[in-house]
Amino acid sequence: TIKNTFADYLSRNLLILISISVFSLIICTGLTQQPSVEFDQYLRIWAATLGFVLLKYISMRLVGYIFLGKEKTRVGINTYFSILIVAGLLLYPVIGLKIYFLNGAHSSVFDTISLIISTLIILLIAVKIFQIFYHKMLDIFYIMLYLCTLEFIPLTVMFQVYNLFIRDFNF
């Protein structure tokens, strides 16, 4: 096994927080369609995104405790957060360019690039779930339960929360 030091945990958690910040900024600039982002708006979106990730972590631990072994749960959680970090790192230059060109004609191009990257990340998460958890035919039931419990329903709820924030910001 690989021994992790405190610095490893600190750097991984810092990268996760940076990824959450990037996602929140993309949501603020993409959905509000305003030339500037107010800090309190960004902070509310950031807090909601952080809450979503924390609740997702807790629910992943709970579902893993009930249906999977300790090792599969650990691998699944590490894989999820590794993909989250990669997504944040891929989206970071996109959001930087979008902010630079915020009032320009190319702003929608960066929204499209962000959407494509996000869709690919969601597909990658689904593929990794199948690779980690699929071993027998009955495992398809657990995978579908996992996807509904920890991917589709939480994302739907999160989009509704964002929708409430965005309505409040735009009106």
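Me: What does accessible area rest on, and how much does the chain expose?
Reply: Accessible areas come from the Shrake-Rupley method with a 1.4 Å probe. This model is predicted. The chain exposes about 10900 Å². Carbon and sulfur atoms supply 72% of that area.

Me: What share of the residues is buried?
Reply: Buried means under 20% relative accessible area. Of the 171 residues in the chain, 35% are buried.

Me: How many helices and how many strands are there?
Reply: The chain has five helices and zero strands. Along the sequence the pattern reads α-α-α-α-α.

Me: What share of the contacts joins residues 24 or more positions apart?
Reply: Contact means heavy atoms within 4.5 Å. Take the contacts in the chain with a separation of 6 or more. Residues 24 or more positions apart account for 69% of them.

Me: Give me one residue to follow. Where does Leu-17 lie?
Reply: Leu-17 belongs to helix α1. Set aside its neighbours within four places in sequence, and Leu-17 is in contact with Trp-46 and Leu-50. Now compare sequence with space. Leu-17 and Ile-85 are 68 residues apart in sequence. Their C-alpha atoms are 8.9 Å apart in space.

Me: Why is Leu-17 classed as partly exposed?
Reply: The class between buried and exposed runs from 20% to 50% relative accessible area. Leu-17 has 36%, so it is partly exposed.

Me: Which residues form the nonpolar patch on the surface?
Reply: A residue needs over 30% relative accessible area to join a patch. Here the members are Leu-14, Leu-15, Ile-18 and Leu-89. Together they have about 340 Å² of accessible area.

Me: Which helix gives the patch its largest share?
Reply: Helix α1, residues 6-32, supplies three residues, the largest share. Ile-18 is found in this helix. Its relative accessible area is 38%, so Ile-18 passes the patch cut-off of over 30% and counts as partly exposed.

Me: Next, the rings. How many aromatic pairs does a search of the whole structure find?
Reply: Ring centres must lie within 6.5 Å to pair. The search finds three aromatic pairs. One of them is Phe-39 with Tyr-42, at 6.5 Å centre to centre and 40° between the planes. That pair is tilted.

Me: How far apart are Phe-39 and Tyr-42 along their helix?
Reply: Both are in helix α2, residues 39-67. They are three residues apart, so about one helical turn separates them.

Me: Are Phe-39 and Tyr-42 buried or exposed?
Reply: Take each in turn. Phe-39 is exposed, with a relative accessible area of 59%. Tyr-42 is buried, at 16%.

Me: What is the geometry of Tyr-57 and Phe-81?
Reply: Planes from 30 to 60 degrees apart count as tilted. The ring centres of Tyr-57 and Phe-81 are 6.0 Å apart and the planes stand at 50°, so this pair is tilted. The pair links distant parts of the chain, 24 residues apart. Tyr-57 sits in helix α2. Phe-81 sits in helix α3, residues 70-100.

Me: How accessible are Tyr-57 and Phe-81?
Reply: Tyr-57 is partly exposed, with a relative accessible area of 31%. Phe-81 is buried, at 8% relative accessibility.

Me: Which aromatic cluster includes Tyr-57 and Phe-81?
Reply: Tyr-57, Tyr-80 and Phe-81 form one aromatic cluster.

Me: Now charges. How many salt bridges are there?
Reply: The rule asks for a side-chain nitrogen of Lys or Arg within 4 Å of a carboxyl oxygen of Asp or Glu. The count comes to two salt bridges. One of them joins Glu-71 and Arg-74, at 2.4 Å, N to O.

Me: Where do Glu-71 and Arg-74 lie?
Reply: Both lie in helix α3. They are three residues apart, about one turn of the helix. Glu-71 is partly exposed at 48% relative accessible area. Arg-74 is also partly exposed, at 43%.

Me: Which parts of the chain does the Lys-98 and Asp-111 salt bridge link?
Reply: Their side chains meet at 2.4 Å, N to O. The pair links distant parts of the chain, 13 residues apart. Lys-98 is in helix α3, and Asp-111 is in helix α4, residues 107-133.

Me: Are Lys-98 and Asp-111 buried or partly exposed?
Reply: Lys-98 is at 3% relative accessibility, under the 20% cut-off, so it counts as buried. Asp-111 is partly exposed, with a relative accessible area of 26%.

How values were computed. Residues numbered from 1 in each chain as written. Predicted model: local features only at pLDDT ≥ 70, side-chain atom pairs only at ≥ 80, totals over all residues. Heavy atoms only, no water. Patch = residues over 30% accessible without salt bridge, like charges linked within 9 Å, V, L, I, M, F, W, Y side chains within 5 Å. Helix = DSSP H or I, 4+ residues; strand = E, 2+ residues; numbered from the N terminus. Buried < 20%, exposed > 50% of the residue type's maximum accessible area, 1.4 Å probe, protein only.
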